[in-house]
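This report describes a structural model for a reader at the bench. Please consult the sequence and the three-dimensional view shown here before reading on.

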Amino acid sequence: MPEVRRALPEPVAGFVRRRKEPVVTQTLRSTAAATISYVVALHAVNSSAPPLTAPLTALLVVQVTLYSTLTTGIRRVNSVVVGVLIAIGFSVLVGLSWWSLGLIILASLVVGHFVRVDEFVPEVAISAMLVLGVTQVADTAWDRVLETLIGAVVGLLFNVVFVPPVWVETAGDSIEDLARRMRLLLLRIGEELTSPTPVERAAARLHEARRLDNDVADVDAALRQAEDSLRLNPRVKEGLLHRIVLRTGLDTLEICAVVLRVLARTLTDLAKERRDEALFPHEVGVALQELLGHVADTLVSFAVLVTTTTSGSADAAEERLTGELAAARTSRDNVAELLLRGARDLPRQWQLYGALLTEVDRILDELDLDHRSRRLMEELDRHTRERRERRPQFLSLLDRARGRRRRSPAAH
């Protein structure tokens with residue numbers, strides 16, 4: 001197998017190496033579904049024109065996850081069918097000209113909003129324009145409707161039979177990468193605390209912290225895809241729990257990123273006050289560097305715990321996080337004592353010192369295991385409550401059925 005990969009052209013070899021990424025999987029699945037739908041339409045539709053509407057619809061319907069396929073597929077099919085029907089109506093009255101084209105686009109966009117196809121309103125107009133331009137449209141339009149239905153059915157069945165992958169691992173890697181970027185930033189900040197720090201350098205660290213917002217947005221997109229891959233997926237037994245664990249983990253890191261930005265701003269303000277000297281006395285700077293190092297390691301340990309799927313690894317990750325939190329809190333108390341002495345000598349700096357400790361405390365509190373457990377329980381309770389509010393009768397019947405099953409063994 002390695003010899004085969006080396007023989008492939010570099011673009012193809014790179015594609016093979018990335019086969020587990022969503023974009024690669026989506027490319028292969030869409031190609032297969034579109035090809036199958038075309039073959040089916042060739043045998044099912046008696047038309048002189050190639051049945052290209054079928055693979056087009058399959059491409060639109062097949063999504064990365066089964067949940068997105070089922071939720072968007074119906075709207076996509078609806079948009080194409082409505083567009084075809086509008087074209088049939090126009091073909092009876094007018095042909096294709098500049099004014100009829102404008103009129104059909106206007107009508108398609110208006111009708112698209114009424115039939116609630118949401119983000120697929122433009123596809124109503126696209127379908128109508130394509131069909132209106134076909135010769136003998138009155139006959140071929142119904143073939144296009146049949147092709148559309150074939151493409152939609154093939155696309156849906158493809159994702160049901162060949163269940164899309166679960167993208168939890170990809171989202172987990174993104175969360176860990178975010179934590180490691182935050183760790184590197186904290187380590188860089190800590191290295192600069194024992195020497196004179198120009199305001200420009202402190203401001204550069206602040207800009208790095210602000211750019212973490214973009215990283216959080218990228219991770220959020222990967223996490224949304226992972227959440228969709230867990231919904232309605234027969235491979236997953238605890239889909240809701242996985243979604244909540246990952247989502248709350250990202251929420252915690254997002255809060256820590258905000259606090260890290262505030263911490264960088266505090267140090268930038270301190271650098272403005274001390275332009276020609278170190279931000280802190282040497283002893284305090286070394287202690288703060290040690291503290292930020294512990295906080296940095298705690299962030300990564302937390303991310304590893306959140307993304308761990310096996311119980312044995314989770315226990316090891318939890319033990320490591322507990323040790324990192326204890327070391328960070330011990331180091332924090334030492335820094336607090338040193339800063340208190342410094343505040344007596346430089347009372348005008350006490351606000352910045354207090355803000356610095358408060359920001360570190362906030363990060364440690366967010367990463368605390370007890371805090372995380374409470375957050376998980378609150379989210380589980382909220383999801384359960386919302387589900388009961390949406391489907392009260394169904395869940396009531398389900399609870400009764402479960403109750404009967406529990407009582408039946410005792411009765412015998």
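Serine 30 touches Leu59 and Val62, when residues up to four places away in sequence are not counted; a contact means heavy atoms within 4.5 Å. Serine 30 is found in helix H3 (residues 22-44) and is buried, with a relative accessible area of 8%. Buried here means under 20% relative accessible area, exposed means over 50%, and partly exposed lies in between (1.4 Å probe, protein chains only).

**Basis of the model**

This is a predicted model, in which local features need pLDDT of at least 70, side-chain atom pairs count only at pLDDT 80 or more, and totals for chains, interfaces and linings use all residues. Residues are numbered from 1 along each chain as its sequence is written, and side-chain values use heavy atoms, with hydrogens and water left out. The pLDDT is the predictor's confidence in each residue, from 0 to 100.

The chain averages a pLDDT of 78, and 79% of the residues score at least 70. Confidence is lowest in helix H1 (residues 2-7), at a mean of 44, and highest in helix H12 (residues 282-307), at 91. Over residues 1-8 the pLDDT is below 50, and this stretch has 5 contacts in the model beyond near neighbours in sequence. Where pLDDT is low, the predicted coordinates should not be read in detail.

**Overall architecture**

The chain contains 16 helices and 0 strands. Helices (H or I, at least four residues) and strands (E, at least two) are DSSP runs, numbered from the N terminus. Of the 412 residues of the chain, 45% count as buried. Among contacts between residues at least 6 apart in sequence, 77% join residues at least 24 apart.

**Selected residues**

Three further residues are set out below.

| Residue | Helix | Relative accessible area | State |
|---|---|---|---|
| Asparagine 78 | H5 (residues 66-93) | 28% | partly exposed |
| Glutamate 147 | H8 (residues 137-161) | 0% | buried |
| Leucine 339 | H13 (residues 311-345) | 3% | buried |

With residues up to four places away in sequence not counted, asparagine 78 touches Val115 and Val117. Asparagine 78 and valine 117 are 39 residues apart in sequence, and their C-alpha atoms are 6.9 Å apart in space.

Under the same exclusion of residues up to four places away, glutamate 147 touches Val45, Pro51, Leu52, Thr53 and Ala54.

Leucine 339 is in contact with Phe280, Val284, Tyr353 and Leu357, leaving aside its neighbours within four places in sequence. From leucine 339 to glycine 285 the separation is 54 residues in sequence and 10.0 Å in space, C-alpha to C-alpha.

**Nonpolar cores**

A nonpolar core is a set of buried Ala, Val, Leu, Ile, Met, Phe, Trp, Tyr and Cys residues joined through side-chain atoms within 4.5 Å. The largest has 67 residues, and those with the most contacts inside it are Leu178, Met182, Leu253, Phe280 and Leu288. At least two residues of this core come from each of helix H9 (168-191), helix H10 (199-230), helix H11 (239-273), H12, H13, helix H14 (350-367) and helix H15 (369-390). Leucine 253 is in contact with Ile175, Leu178, Ala179, Met182, Leu299, Phe302 and Ala303, leaving aside its neighbours within four places in sequence. A second, separate core of 15 residues includes Val84, Ile88, Phe90 and Val117.

**Pocket and cavity**

On a 1 Å grid over the protein atoms alone, a cavity is a set of points where a 1.4 Å probe fits but cannot get out, and a pocket is an open set with protein on both sides within 12 Å along at least five of seven lines; lining residues have an atom within 4 Å of a point. Grid points are joined across faces, edges and corners, and a volume is the space filled by probe spheres set on the points.

The largest pocket holds about 490 Å³ of space. It is lined by 21 residues, of which the closest to its centre are Val245, Leu305, Val306, Thr308 and Ala314. H9, H11, H12, H13 and H15 are the elements that give two or more residues to this lining, and H9 provides the largest share, 5 residues.

The whole structure has 1 cavity of 30 Å³ or more, and the largest cavity has a volume of about 70 Å³. Its lining consists of Ile189, Glu192, Leu193, Thr197, Ala202, Arg205, Ala264, Leu267 and Leu279, with at least two residues supplied by each of H10 and H11.
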